[in-house]
Amino acid sequence: MEWNGMEQSGMERNGMERNSPLDPQGTRRRCSSGCFGAPRVFRNCRFPSPFPGKNQQEIQEEIEDLKGELEEEIGKFQKGFRRAQSNAVSLTLDEHCKHPDLVIQGKSWIVTSKPGSKIHPKAVVVAREGFSEGKSYWEVEVGDGSDWELGVLGEEIRDSLRNNGGRFPEETVPGLEYSLGEFRLPGGKLERNSGSCRVLGVLLDQESRTLSFFDAEEKQRLGLLPLKLPGNLFPFFSPSSDGKALGIRPVGVGGPQQ
């Protein structure tokens with residue numbers, strides 16, 4: 001019996017099987033372990049090189065140049081983060097300016113007393129310290145909370161929160177929102193739209209009138225937001241509705257305090 005001009009014994013010697021469920025057209029060859037290798041039709045194909053006309057040494061040199069450029073860009077990002085972190089300030093949570101359904105634990109941790117429920121309008125705690133000039137940087141441990149919001153608000157809104165029991169007015173304030181793995185920065189520009197971030201750095205720059213957000217562990221900027229609010233600005237914190245705590249992380253010049 002012949003298949004395509006080949007004897008069955010010859011096929012068997014070459015490790016080929018006709019009508020195999022893994023190779024119904026008989027185009028692939030079994031190796032000694034029983035698995036199929038590349039189809040015969042591709043055995044002699046030559047695919048274009050990503051470095052046409054270059055020898056091995058030239059290719060290696062080009063790869064090293066690309067690695068150097070990448071490391072330089074990473075260095076720029078990290079340098080920008082270190083500059084931001086050098087403007088670290090201390091923050092204190094204001095017990096008199098918080099939503100009644102939020103609990104301050106210790107001196108710097110916030111958690112909702114009603115996990116699993118959405119509080120409307122949004123529940124926040126505001127810092128006692130406000131900043132009207134220069135640059136101010138702080139870090140917040142958000143952990144693996146499913147949703148949170150951080151930013152700044154003006155003195156008028158801060159006073160309103162104090163007077164109405166920490167219930168947020170229906171106004172838009174500059175801040176970074178996170179929900180189900182997605183970042184939102186209304187009115188600003190995001191450099192990363194999704195992913196996890198356990199420690200968030202915030203830089204309030206009253207000189208350039210911008211608010212920047214960083215992934216403090218990756219030393220990477222997440223986004224930039226132009227500021228329209230004038231005057232004294234106060235950090236605010238809105239923790240996750242799933243009951244996971246959010247806290248201010250102490251930062252010294254050059255890095256987090258141990």
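**Exercise 1.** State how far apart Glu155 and Arg158 stand in helix H4, and describe the salt bridge between them.

*Solution.* Step 1: because Glu155 and Arg158 are three residues apart in helix H4 (residues 155-163), about one helical turn separates them. Helices (H or I, at least four residues) and strands (E, at least two) are DSSP runs, numbered from the N terminus. The model is predicted, so local features require pLDDT of at least 70 and side-chain atom pairs pLDDT 80 or more, whereas totals for chains, interfaces and linings use all residues. Residues are numbered from 1 along each chain as its sequence is written, and side-chain values use heavy atoms, without hydrogens and water.

Step 2: apply the criterion for a salt bridge (a side-chain nitrogen of Lys or Arg within 4 Å of a carboxyl oxygen of Asp or Glu). Glu155 and Arg158 satisfy it, with their closest N and O atoms 3.5 Å apart.

Step 3: classify the burial of both partners, where buried means under 20% relative accessible area, exposed over 50%, and partly exposed in between (1.4 Å probe, protein chains only). Glu155 is partly exposed at 37%, whereas Arg158 is buried at 7%.

**Exercise 2.** Identify the salt bridge that Arg158 forms with Asp159, then analyse the pairing of Arg221 with Glu191.

*Solution.* Step 1: the closest N and O atoms of Arg158 and Asp159 are 2.9 Å apart. Asp159 has a relative accessibility of 32% and counts as partly exposed.

Step 2: for Arg221 and Glu191 the corresponding distance is 2.7 Å. Arg221 belongs to strand E14 (residues 220-226) and Glu191 to the loop between strand E11 (189-190) and strand E12 (199-205), so this pair ties together parts that are 30 residues apart in sequence. Arg221 is partly exposed at 29%, and Glu191 is partly exposed at 36%.

Step 3: through shared partners, salt bridges join Glu155, Arg158 and Asp159 into one network. The search of the whole structure yields eight salt bridges.

**Exercise 3.** Locate the patch of positive charge on the surface and find the element that gives the most to it.

*Solution.* Step 1: set the rule. Patches are made of residues with over 30% relative accessible area and no salt bridge; like charges are joined within 9 Å, and nonpolar side chains (Val, Leu, Ile, Met, Phe, Trp, Tyr) within 5 Å. Areas follow the Shrake-Rupley method with a 1.4 Å probe, and for residues only the protein chains shown count as cover. Lys and Arg count as positive, Asp and Glu as negative, while His and the chain ends are not counted. The charge is placed at NZ of Lys, CZ of Arg, CG of Asp or CD of Glu.

Step 2: the patch gathers Lys79, Arg82, Arg83, Lys135 and Lys219. Helix H3 (residues 56-85) gives the most, with three residues.

Step 3: place the remaining members. Lys135 is in strand E7 (residues 135-141) and is partly exposed at 37%. Lys219 lies in the loop between E13 and E14.

**Exercise 4.** Which backbone feature does Lys219 show although it is not a glycine, and where is Arg209 placed?

*Solution.* Step 1: Lys219 has a positive phi of about 55°.

Step 2: Arg209, also not a glycine, has a positive phi of about 55°. Arg209 is in the loop between E12 and strand E13 (210-215) and is partly exposed at 26%.

**Exercise 5.** Determine how many disulfides there are, and whether Cys97 and Cys197 are buried or exposed.

*Solution.* Step 1: with a disulfide taken as a pair of cysteine sulfur atoms within 2.5 Å, the count is zero.

Step 2: Cys97 is buried at 1% relative accessible area, and Cys197 is buried at 4%.
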